[in-house]
Amino acid sequence: MKYEAIIFDLDGVVVSTDNCHYEAWKQLADEEGIYFDRTINERLRGVSRMESLEIVLEKAEKSYTEDEKFQMAERKNGYYKELIKKLDKTAILEGAEEFITDAKSKGIKVAIGSSSKNTIAILTQIGLLETFDKIADGNDIKNSKPAPDVFLKAAEKLGIEPTKCVVVEDADAGVEAALAANMDVIAVGYASANPKCTYSAKGLFDIKVDDIM
Ligand code: B16
Ligand code: MG
């Protein structure tokens with residue numbers, strides 16, 4: 001086997017939470033009188049909560065203290081947590097479960113490598129918490145994507161060499177992170193046009209485990 005493990009990004013690869021993030025940031029931005037739209041929301045893909053806030057604040061007309069910023073990020077997360085309570089299996093992206101099942105049947109380990117600190121809650125909502133061998137998320141790391149940390153942490157938890165892992169990512173920041181971790185990367189969705197990726201697919205419905213082994 002070329003790879004002993006596949007590390008999946010969560011949002012945009014396994015599950016669609018884009019709209020929940022959008023609605024939560026939009027509510028915060030509206031309350032603060034800051035312009036925010038779906039194009040700006042696209043820039044938050046794979047980016048940590050505090051870094052996302054900095055992008056949202058690029059359109060703010062006043063500056064905020066660090067304490068105010070922390071409170072705003074907490075508020076956004078409160079709105080987001082309410083929204084993800086409504087998620088169920090239907091939020092799983094097309095082809096994701098089939099791809100994961102196929103990998104596991106071939107003896108390949110599967111892990112999550114997500115920037116999100118809400119990973120456990122999301123996996124629980126969509127019924128996939130027990131599916132993965134290991135989970136590395138925003139709670140395990142200091143530096144978020146494009147730093148390699150979350151993928152290196154996933155490999156460490158699995159006990160598998162980074163070069164034996166392949167990452168699935170939908171964000172350019174995540175593609176950079178995987179490459180920085182010395183891992184190959186399957187870019188899907190918004191990242192599929194990234195020329196640095198090892199493999200490109202529209203989504204996990206568009207690629208088979210056999211295509212990369
Ligand atoms: P949270 P991923 C990322 O997840 C999202 O794509 C990104 O939009 C979000 O800001 C980030 O998680 C942090 O999420 O606020 O829940 O900690 O794509 O790395 O699975
Ligand atoms: Mg993502």
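Begin by selecting ligand 1, which sits in the largest pocket of this predicted model.

Next, display the residues around ligand 1. There are 17 of them, and those that come nearest are Val47, Ser114, Ser116, Lys117 and Asn118. Coloured by class, this shell shows 7 polar, 6 charged and 4 nonpolar residues.

Then turn to the oxygen atoms of ligand 1 and their polar contacts. At Gly46, a polar backbone atom is 2.8 Å from an oxygen atom of the ligand. Select Lys117 next: one of its backbone N or O atoms lies 2.7 Å from an oxygen atom of ligand 1. For Lys145 the side chain should be shown, as an N or O atom there is 2.9 Å from a ligand oxygen. On its own, ligand 1 has 470 Å² of accessible area, and the protein covers 97% of this.

Now hide the ligand and consider the largest pocket itself, with a volume of about 630 Å³. Its lining comprises 35 residues, and Val47, Ser48, Arg49, Ser115 and Ser116 are the closest to the pocket centre. Helices H1 (18–32), H2 (38–42), H3 (49–56) and H4 (66–84) are the elements that each give two or more residues to this lining. Select H4 in particular, since it gives the most, with 6 residues. By class, the lining divides into 14 polar, 13 charged and 8 nonpolar residues.

Finally, move to the second largest pocket, which holds about 190 Å³ of space. To find its centre, select Gly12, Leu93, Gly189, Lys202 and Gly203, the nearest to that point of the 15 lining residues. Here the lining consists of 6 nonpolar, 5 charged and 4 polar residues.

Terms used: Residues numbered from 1 in each chain as written. Chains lettered and ligands numbered in written order. Predicted model: local features only at pLDDT ≥ 70, side-chain atom pairs only at ≥ 80, totals over all residues. Heavy atoms only, no water. Near = heavy atom within 4 Å. Polar contact = N/O pair within 3.5 Å; in protein donor to acceptor, adjacent residues only side chain to side chain. Areas by Shrake-Rupley, 256 points an atom, 1.4 Å probe, with all protein chains shown as cover. 1 Å grid on protein atoms, 1.4 Å probe; cavity = no way out; pocket = protein on both sides within 12 Å on 5 of 7 lines; lining within 4 Å. Sits in = over half its atoms within 2 Å of the grid points. Nonpolar A, V, L, I, M, F, W, Y, C, P; charged D, E, K, R; others polar. Points joined across faces, edges and corners; volume = space filled by probe spheres on them. Helix = DSSP H or I, 4+ residues; strand = E, 2+ residues; numbered from the N terminus.
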